[in-house]
Amino acid sequence: MKEIPDNCKVVVIGGGVSGCSTAYHLAKFGWKDTILLERDQLTSGTTWHAAGLVSQLGPSAGITKIRKYSLELYKRLEKEIDFSSGLKLNGALSIATTKGRWQELLRQATTAQLYDVNVEVLNINQIKNIYPIINDQDILGGIYMPGDGQADPIGVTNLLAKAARNEGVKIFQNSPVQKIISKNGRVNGVKVNGKIIECEYIVLATGMWSRQIGEDMGVSIPLYPAEHFYVITEPLNDLPKNIPVLRDFDDSLYLKEDAGKMLIGIFEGKSIPAFNKTNRVPEDFSYGEFPENFEHFEPYLEASLKRVPMLKKAGIRKFFSGPESFTPDTNTLLGEVPELKNLFVCCGLNSIGIGSGGGVGKVTAEWMMRGHINEDLFIYDIKRFQKFHSEVNFIKERVTETLGDLYGMHWPYKQPKTSRNQKILPYHEELKKSGCMLWSIRWI
Amino acid sequence: MGACFGVSGGYERPMWFAINKEKPEYEYSYDYQNWFPSVEFETKNTINNVGLFEMSPFSKFDLKGEETFQELQRLCTANIKNTLGSITYTQMLNNDGGIEADLSVVCIDKNHFRIIGPAATREHDKFHIKKYLSKNIIFKDVTEDYCCLGLFGPKSRDLISRISNDNYSKEIFKFGTSKYVEINGIKVWAQRLSYVGELGFELYVEIKNAKKLYQIIVNEGKNFHLSHCGMHAMDIMRMESGFLHWGHDISPEENQYEAGLAFAISYKKNVDFIGKEALLKIKDKKQSKRFVMLSIKNSNPGQPLLQHFEPIYLDNKIIGNTTSGNYSFNYKKNLSYGYINTGLSNEELLDKNLFIEVGKKKFSVNIEMKPLKDKSFRLN
Ligand SMILES: Cc1cc2nc3c(=O)[nH]c(=O)nc-3n(C[C@H](O)[C@H](O)[C@H](O)COP(=O)(O)OP(=O)(O)OC[C@H]3O[C@@H](n4cnc5c(N)ncnc54)[C@H](O)[C@@H]3O)c2cc1C
């Protein structure tokens, strides 16, 4: 086995999709002296159990660029390295059953033209054509992204890890970082299995562990894991193999054909924060699952049977619940933290880590090498948050809302409902009571 | 009735105030907004009388030390004024000339400056500033030590003159300056400027005195038709005035030439400010992308609801995208900011067919040659 070096330029901590991608890009762009340390095995955190949907269109130009690039990268690396990431691009179909949702989808289809993402607007007949098993009763319309689809999360991560090794990155598994060492306000090294490695830069790609790792050294990283659910049905003979991924936002559902079975996943309105008793992710949580919570899932299962009635015939093979980290606004955390020089984060993937992994790693590498980023990516910059955002009181309640926000309506001017009243003005009560017209208050 | 609150920089902040007996709650929509009547009232009352705007969440950083001025000159693109009370609007850049921050710098005392910036970018701006400051400068984030109330509108001077004995005349208290004043025994730092393009004063007051100051203003305000105004009113009026918003209209992706902010670059100050080298390389080149203001022909509120990331067309070709949108009740215009990429000037575009596309529908637009509001208030 390789020896862990005494020093290097960059230590990437975490061997999920984010860490492998960051390490690959750093080395690819020239910082070859990069090592990656994984606590257990690659993918053993959150990555291994992802449903693997990959989609290109995001809520802003910067985010769309990241997702588009991710998909292009996986395709390119599959060829370069001759290793499969399990890409299956049968397209993705999103449907609307409410007026607001339909407007939202049409706005998205409009915006997509700016980024060269192919989006087709479909009427009900066209929807039936590409998704014959759908119940179209209440559907107002849909949009179709022919270039989207799914990937195998473990395949993607191993592909990136292989590519990283080819570029010179050394990857060490079973290497939990016990301590991050700083000197004069900047990163100085890490302690792993009792040994000290000196380094100039550290990337925290430690997924749901990141908040507590930060907390232990006075760095605010606002994310918290929530329980995230899907079920997989028994095989169904007549399930078409070539159907696209289906997103039924108004029912909080996605459905994906998976080797003759159907995977039904949800983004429910009120989610359940994980590790509720301790508020900490155990250090040894590997390939971990939570107990079944059928009661929580049931209403959504019913909705899925309504949407695709043929599923009624199928039994459930697997009920899955696993943790994924969410942030206060369902956007990723990237960039250098303000508290410690040369400590960068690449975490808080909000359930789109597989679809965004390639791009967030690239952006992180560029950000580190340049010292800043020349893109409109404030929406992903960890410095959009303040210290209070990472405190358990705030973040734990907030993630009950943000998980569902992914499929909720993205209304203009929408305000959060949870974790409010953090900072109150001295005249808050007065403002609350008074109307707009101050001079005639008594007469209105 | 009462305020409908939103969150900004962690603060609960009034977005709009209910009129009549309605509930101050959003009824979300992609079309007409239920708060339009409130905001119509708030914005109209501000230009006719005076509005009270809550601005406490804006970030405030104090910098002290003998070299503060020199270091600010290196951080900022504008020529920072080093005379007591003067305020300079500026950007800060990264080494590649991308816009990292959009701020005001106020000289509060000798070797004491205050930087005031948007609420949402507090940590980001602080990080950028501290990255380049030497150890000799004492930096303090004082955002939460002060409240700020904005009194904006033609009657703001009359109102404030009734509650304070200081001199607010146009000869003595000029636009873009600031000073300590006393309002009913409370010490207040008053700045004569406004983000809404009206005669007005930003009043900074220590937290412990803020409630009292608020009450004094509201009591006297009744005699001047003072209205409460929320964030929506402020956002609409800043767009009427041609002011940009970092995070929407500008970011590290843009340079000041593209954004129409070249007036905030000073080469004559003869300081190698951060980003200057990059700017010098593009200074005389024609920018491919440039900032524009557009308005929908036959504008009606919410038809369509303009936001951002909407494509802008010249005939059938996409030439850019929008970055901010709002309906201006004062000018009866559905207004958009954005960037376009054509070889054509605004004059050349005047008689061309321009569109903004929203929800798969194209709307004909006009180019606005200059901000809807003029700047005459500065002289009054
Ligand atoms: C049910 C479910 C369905 C999902 N479906 C999708 C989907 O369809 N599409 C999609 O794009 N995404 C999906 N996701 C999300 C996706 O799985 C995550 O966003 C992604 O895996 C996050 O990757 P990561 O690298 O950031 O985190 P992780 O995979 O958790 O990696 C972090 C790594 O850091 C390591 N680590 C932690 N502490 C230390 C330490 N001290 N020292 C060394 N190493 C350490 C951990 O062992 C772990 O391997 C889904 C998630 C869930 C739960």
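The shell around the ligand in this predicted model is a mixture by class: 16 of its residues are nonpolar, 18 are polar and three are charged. Altogether 37 residues surround the ligand, and those that come nearest are A:Ser18, A:Glu38, A:Thr47, A:Leu53 and A:Glu324. Several elements of chain A each supply at least two residues of this shell, namely helix 1 (17-28), strand 12 (224-233), strand 16 (316-326) and helix 8 (353-370). Where does the ligand lie with respect to domain 1 and domain 2 of chain A? Residues of the shell come from both domain 1 (10-70 + 153-222 + 329-393) and domain 2 (87-149 + 225-325), so the ligand lies between them.

Polar backbone atoms also face oxygen atoms of the ligand. For A:Gly52, the separation between such a backbone atom and a ligand oxygen is 3.0 Å. At A:Ile352, a polar backbone atom lies 3.4 Å from an oxygen of the ligand, and at A:Gly45 the corresponding distance is 3.5 Å. How much of the ligand's accessible area does the protein cover? On its own the ligand has 1000 Å² of accessible area, and the protein covers 97% of that.

Attention now turns to three strands of chain A that can be followed along the sequence. Strand 9 (residues 177-183) pairs with strand 10 (residues 186-192) in the antiparallel sense, over six bridges. Within this pairing, A:Gly189 of strand 10 is the residue opposite A:Ile181. The two strands form a hairpin with two residues between them, and there A:Asn184 adopts a positive phi near 50°.

Strand 10 also pairs with strand 11 (residues 195-204) of chain A, again in the antiparallel sense, and here the pairing runs over four bridges. One of the bridge partners is A:Ile196 in strand 11, which is matched with A:Lys191. Two residues separate strand 10 from strand 11 in their hairpin, and A:Asn193, in the turn, has a positive phi of about 45°. As a general point for reading such strands, side chains in a regular strand alternate between the two faces of the sheet.

Helix 2 of chain A offers a simple check of length. This helix spans residues 61-81, 21 residues in total, and the distance from its first C-alpha to its last is 30 Å. That reach is close to the 30 Å expected at 1.5 Å a residue. What follows helix 2 in the chain? The next residue is A:Asp82, and its phi is positive, near 60°.

Methods
Residues numbered from 1 in each chain as written. Chains lettered and ligands numbered in written order. Predicted model: local features only at pLDDT ≥ 70, side-chain atom pairs only at ≥ 80, totals over all residues. Heavy atoms only, no water. Pairing = 2+ DSSP bridges. Near = heavy atom within 4 Å. Polar contact = N/O pair within 3.5 Å; in protein donor to acceptor, adjacent residues only side chain to side chain. Areas by Shrake-Rupley, 256 points an atom, 1.4 Å probe, with all protein chains shown as cover. Nonpolar A, V, L, I, M, F, W, Y, C, P; charged D, E, K, R; others polar. Domains from an automatic or database assignment. Expected span 1.5 Å × (residues − 1).
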